[in-house]
Amino acid sequence: MRKGEVASLQWGDIDFHSGKLVVRSEVSKNNKERRIPMASRVVEILKALQNGQDRSQVIFDRIGNRSNFYEGCYWELMRISSQLGIEG
């Protein structure tokens with residue numbers, strides 16, 4: 001998935017029953033809807049995060065204490081890389 005597709009995922013795009021997520025055509029680079037299977041662990045994590053949120057709510061509106069999805073991704077990657085001893 002492209003980062004813009006992940007950033008725009010809404011709870012309504014997740015089909016827990018089939019274990020798939022939908023990349024809506026309006027956010028897809030080629031304007032075509034895609035259905036992507038999720039690993040069982042991903043389904044578990046998303047179920048734990050859901051907490052009855054509205055289907056139109058964006059799933060990853062923030063990461064950590066960062067209000068911007070992309071900035072949050074960057075700083076999480078830097079934090080994890082540092083823990084693993086990876087520089088740069």
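**Reading the salt bridges**

The chain has an accessible surface of about 6300 Å², and 51% of that belongs to carbon and sulfur atoms; such areas come from the Shrake-Rupley method with a 1.4 Å probe, where for residues only the protein chains shown count as cover. This is a predicted model, in which local features need pLDDT of at least 70, side-chain atom pairs count only at pLDDT 80 or more, and totals for chains, interfaces and linings use all residues. Residues are numbered from 1 along each chain as its sequence is written, and side-chain values use heavy atoms, with hydrogens and water left out.

Student: Why is Glu5 called buried?

Tutor: Buried means under 20% relative accessible area, exposed over 50%, and partly exposed in between (1.4 Å probe, protein chains only). Glu5 has 3%, so the residue counts as buried.

Student: What makes the pair Arg34 and Glu5 a salt bridge?

Tutor: The rule asks for a side-chain nitrogen of Lys or Arg within 4 Å of a carboxyl oxygen of Asp or Glu. Here the closest N and O atoms are 3.0 Å apart, so the pair fits the rule. Arg34 lies in strand β3 (residues 34–37) and Glu5 in helix α1 (residues 3–7), so the pair ties together parts 29 residues apart in sequence. Helices (H or I, at least four residues) and strands (E, at least two) are DSSP runs, numbered from the N terminus.

Student: Why is Arg41 called exposed?

Tutor: Its relative accessible area is 52%, and the cut-off is over 50%, so Arg41 counts as exposed.
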